[in-house]
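Student: I should like to work through this model by question and answer, beginning with the sheet and moving on to the aromatic residues and the core.

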Amino acid sequence: MRRNGLTLVEALIVLAIIAVVAALLTPVFMKVKQNARVASSVGNVKQLLGALMLYRQDYEGVDVFDGPNAYYRLGLPAASEGRWRDPWASDQLAPYGASHDVWRPPCGFDHFIYGWTCAGELNVICYVADFYDPAAMKPGTGNLTDLHDYLSRYRSNAVVFLDPFCNPPGTQVQLARTWKRGIAGLLSGQVINKYGRGRINRPQHLFWFSEPER
């Protein structure tokens with residue numbers, strides 16, 4: 001007599017095969033998804049850099065890198081009172097194509113990572129350049145100690161935008177020994193998509209992305 005359908009054992013075997021295939025393919029799908037997020041973040045940083053270049057042209061930014069006061073001659077948006085805890089630069093760069101949506105990191109929100117970065121608790125790509133403002137370099141602060149010669153030393157390789165959030169949840173980006181990904185936009189217009197060791201969480205560690213110009 002011919003039977004229809006599967007026996008219980010056969011059904012269990014089919015389910016086991018499906019589970020094994022799913023387990024094998026899940027990391028592949030996750031990697032593809034993460035790569036897409038990284039590519040989207042790189043695109044956002046490029047768009048922010050494009051908006052910044054247009055802004056600098058309108059505000060007569062010139063490439064003078066002779067010390068901390070170079071910040072003002074570079075035509076960068078002025079730092080606000082709240083600085084990095086407020087995505088204020090989006091309001092100044094929005095007319096140039098950097099809408100508020102562009103500032104949102106495609107890799108999502110992580111309280112642990114965000115709590116240790118220049119973005120504070122906000123889900124935004126960092127506008128790092130305001131750390132170079134002499135007004136932010138008050139005596140006794142880390143900015144004055146670590147960044148007083150940053151512009152003159154790194155010139156057009158200075159970081160202006162930073163997205164360190166394309167990392168697994170809980171990544172300790174403040175530890176130099178931890179492998180991590182950081183996406184940075186340089187004043188030259190170049191976007192750095194770097195995976196390696198180094199601190200990327202605070203302004204004094206931006207040297208991870210910068211190389212002195214010869």
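Student: How many bridges join β3 to β4?

Tutor: The model is a predicted one. In it, β3 and β4 form a hairpin with four residues between them, and Gly-189 in the turn has a positive phi of about 100°. One bridge of this pairing sets Trp-179 against Arg-197 in β4. The two strands run antiparallel, and the bridges that join them number seven.

Student: In which order do the four strands of the open sheet lie?

Tutor: β1 and β2 pair in the antiparallel sense over two bridges. Strands β2 (residues 159-163) and β3 (residues 179-186) are likewise antiparallel, with four bridges, and β3 is in turn joined to β4. The order of the open sheet is therefore β1-β2-β3-β4.

Student: Which strands stand at the edges of this sheet, and why is one side of each left without a neighbour?

Tutor: The sheet is open, with its four strands in the order β1-β2-β3-β4. A strand with a single partner has one side without a neighbour in the sheet, so the edge strands are β1 (126-127) and β4 (191-197).

Student: Which residue of β3 is the bridge partner of Leu-162?

Tutor: The register between β2 and β3 can be followed residue by residue. Val-159 stands opposite Leu-186, and Asp-163 stands opposite Ile-183. For Leu-162, the bridge partner in β3 is Ala-184.

Student: How many of the residues of β2 are buried?

Tutor: A residue counts as buried when its relative accessible area is under 20%. β3 is mostly covered, with six of its eight residues buried. β2 is largely enclosed by the rest of the structure, because its buried residues number five of five.

Student: Are the rings of Tyr-55 and Tyr-96 stacked, tilted or edge-to-face?

Tutor: The structure holds eleven aromatic pairs, of which this is one. A pair of aromatic rings is described by the distance of the centres and the angle of the planes. The centres of Tyr-55 and Tyr-96 are 5.8 Å apart and their planes stand at 75°, so the pair is edge-to-face.

Student: How many residues apart are Tyr-55 and Tyr-96?

Tutor: Tyr-55 belongs to helix α1 and, at 7% relative accessibility, counts as buried. Tyr-96 is in the loop between α3 (89-93) and α4 (111-114). The pair thus links distant parts of the chain, and the separation in residues is 41.

Student: What is the geometry of the ring pair formed by Tyr-127 and Phe-161?

Tutor: Tyr-127 in strand β1 and Phe-161 in strand β2 tie together parts that are 34 residues apart in sequence. Phe-161 is also the bridge partner of Tyr-127, and both residues are buried. Their ring centres are 5.5 Å apart and their planes stand at 55°, so the pair is tilted.

Student: Which charged residue lies over the face of Phe-207?

Tutor: Phe-207 is linked by ring pairs into a cluster with Tyr-132, Tyr-150 and Tyr-154. Elsewhere, Lys-194 lies over the face of Trp-208, at 4.8 Å from the ring centre. Over the face of Phe-207, at 5.8 Å from the ring centre, lies Arg-153.

Student: Which element supplies the largest share of the largest nonpolar core?

Tutor: In soluble globular proteins, nonpolar side chains tend to be buried together. The largest nonpolar core has 50 residues, and Val-128, Tyr-132, Val-159 and Phe-161 touch the most other members. The elements that give two or more residues to this core are α1, α2, β1, α6 (150-154), β2, β3 and β4. The largest share, eight residues, comes from α1.

Student: Is Glu-60 buried or exposed?

Tutor: Glu-60 lies in the loop between α1 (8-58) and α2 (70-73). Its C-alpha atom is separated by 9.6 Å from that of Leu-76, 16 residues apart along the chain. A relative accessible area over 50% counts as exposed; with 67%, Glu-60 is exposed.

Student: What percentage of the residues of the protein count as buried?

Tutor: The protein holds six helices and four strands, which run α-α-α-α-β-α-α-β-β-β from the N terminus on. It exposes about 11,600 Å², of which carbon and sulfur atoms supply 57%. Of its 214 residues, the share that counts as buried is 40%.

Terms used. Residues numbered from 1 in each chain as written. Predicted model: local features only at pLDDT ≥ 70, side-chain atom pairs only at ≥ 80, totals over all residues. Heavy atoms only, no water. Buried < 20%, exposed > 50% of the residue type's maximum accessible area, 1.4 Å probe, protein only. Pairing = 2+ DSSP bridges. Phe/Tyr/Trp six-rings, centres within 6.5 Å; stacked < 30°, edge-to-face > 60°. Lys NZ or Arg CZ within 6 Å of the ring centre and 35° of its normal. Core = buried A, V, L, I, M, F, W, Y, C linked by side-chain atoms within 4.5 Å. Areas by Shrake-Rupley, 256 points an atom, 1.4 Å probe, with all protein chains shown as cover.
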